[in-house]
Amino acid sequence: MSQTGAIRAGSTGVLETPMGEGEGVDFEIIELLFFAYRDFISDPDAILDTYGFGRAHHRVVHFVNREPGLTVAALLETLKITKQSLARVLKQLIDSGYIEQVAGPEDRRQRQLFPTQRGRELALALARPQSRRIANALENLDAEGRKAVSEFLSGMIEPGTGRDIESRDSKQEG
C-alpha cells in the first residue's frame, strides 16, 4: 500500500478503542444480523454460482415462484430496483428457461412472469437450505417466540415498502 493511502500508528485521528455501548447503538444485534445474513445467503450463493447466477437472480426466481403471474411492474416495486437493473437478470432467466414472460390478458403491453418447472426446482433448491437454517434457529422456540421473531423481522421492513406476506399466503390457502 502506498504511503499516501496508509494510516500510520500515532497519526492524528487514529482511534484504538472499539466502538461500544456508550455510542447508543446496539452493536450486538447489528453484528448478529450481519453474520446471520452472511450465513443465510451462503448456501444459495454457492448453488447460484454453479449456474453463473447471483443474488439478483435469486430474488427474481423467489418472488416469481411465490406469486406466479407477477407483473414486471410489481416485481420492480417489490425489489425496489430500476427496469435497467432488472432487464439483464430477467433476460438471463428467460433465455435459460427458468421464467416465462407472457403478455397480460387485458393489456397486451403488461408483462406477467411465470416460473417454469425448471425455475420452480431452482427456487426450491435455493430455499431448502435457508428453510433448514430457519427451522434450526426456531427449533427451541414456542409459538410466542416464533411470533416475536416474525414481528421483529417485520418491524425491520420500511413501512409501505414490503409485500403483504400474510395476505398472499392466505390467498394461496383459500
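**View 1. Confidence along the chain, from helix H7 to helix H2.** In this predicted model, the element with the lowest mean pLDDT is helix H7 (residues 165-173), at 48, while H2 has the highest, at 98. Over residues 170-174 the pLDDT drops below 50, and that stretch has just 1 contact in the model beyond near neighbours in sequence. Taken over the chain, the mean pLDDT is 88, with 86% of the residues at 70 or more.

**View 2. Helix H1 and its kink.** H1 runs over residues 27-51, which makes 25 residues. From first C-alpha to last it reaches 36 Å, close to the 36 Å expected at 1.5 Å a residue. Where does the kink in H1 lie? Look at Ser-42, shortly before the proline Pro-44: the bend there is about 35°. Pro-44 itself is buried, and so are Phe-27, Ile-41 and Leu-48 in this helix. What do the buried residues of H1 pack against? Their partners are helix H2 (55-66) and helix H5 (117-138). Just past the end of H1 comes Gly-52, with a positive phi of about 75°.

**View 3. Asp-45 and His-58.** Asp-45 sits in helix H1. Is Asp-45 buried or exposed? Neither, quite: its relative accessible area is 23%, so it counts as partly exposed, given that buried means under 20%. His-58 is 13 residues away from Asp-45 in sequence, and the two C-alpha atoms are 8.6 Å apart in space.

**View 4. A cluster of rings: Tyr-51, Phe-53 and Tyr-98.** A search of the whole structure turns up 3 aromatic pairs. Why is the pair of Tyr-51 and Phe-53 called stacked? The ring centres are 6.0 Å apart and the planes meet at 15°, which is under the 30 degrees that stacking calls for. Phe-53 also pairs with Tyr-98, this time edge-to-face, with 5.6 Å centre to centre and 80° between the planes. Phe-53 belongs to the loop between H1 and H2, and Tyr-98 to the loop between helix H4 (83-95) and strand S2 (99-103), so their pair ties together parts that are 45 residues apart in sequence. Ring pairs thus link Tyr-51, Phe-53 and Tyr-98 into a cluster. As for accessibility, Tyr-98 is buried at 4% relative accessible area, and Phe-53 counts as buried too, at 12%. Tyr-51, on the other hand, is partly exposed at 39%.

**View 5. The largest nonpolar core, with Leu-86 in the frame.** This core has 20 residues. Which of them have the most contacts inside it? That list is Val-60, Leu-75, Leu-86, Leu-90, Leu-93, Ile-99 and Leu-113. H2, helix H3 (72-79), H4 and H5 each put in at least two of the core's residues. Zoom in on Leu-86: leaving aside residues up to four places away in sequence, Leu-86 touches Val-60, Val-72, Leu-75, Leu-76 and Ile-81.

**View 6. Lys-80 and its positive phi.** Lys-80 lies in the loop between H3 and H4. What is its backbone phi? The value is near 55°, positive even though the residue is not a glycine. With a relative accessible area of 45%, Lys-80 is partly exposed.

Definitions and conventions: Residues numbered from 1 in each chain as written. Predicted model: local features only at pLDDT ≥ 70, side-chain atom pairs only at ≥ 80, totals over all residues. Heavy atoms only, no water. Helix = DSSP H or I, 4+ residues; strand = E, 2+ residues; numbered from the N terminus. Expected span 1.5 Å × (residues − 1). Bend = angle between axes of the 7 residues up to and from the residue. Buried < 20%, exposed > 50% of the residue type's maximum accessible area, 1.4 Å probe, protein only. Contact = heavy atoms within 4.5 Å. Phe/Tyr/Trp six-rings, centres within 6.5 Å; stacked < 30°, edge-to-face > 60°. Core = buried A, V, L, I, M, F, W, Y, C linked by side-chain atoms within 4.5 Å. pLDDT = per-residue confidence, 0-100.
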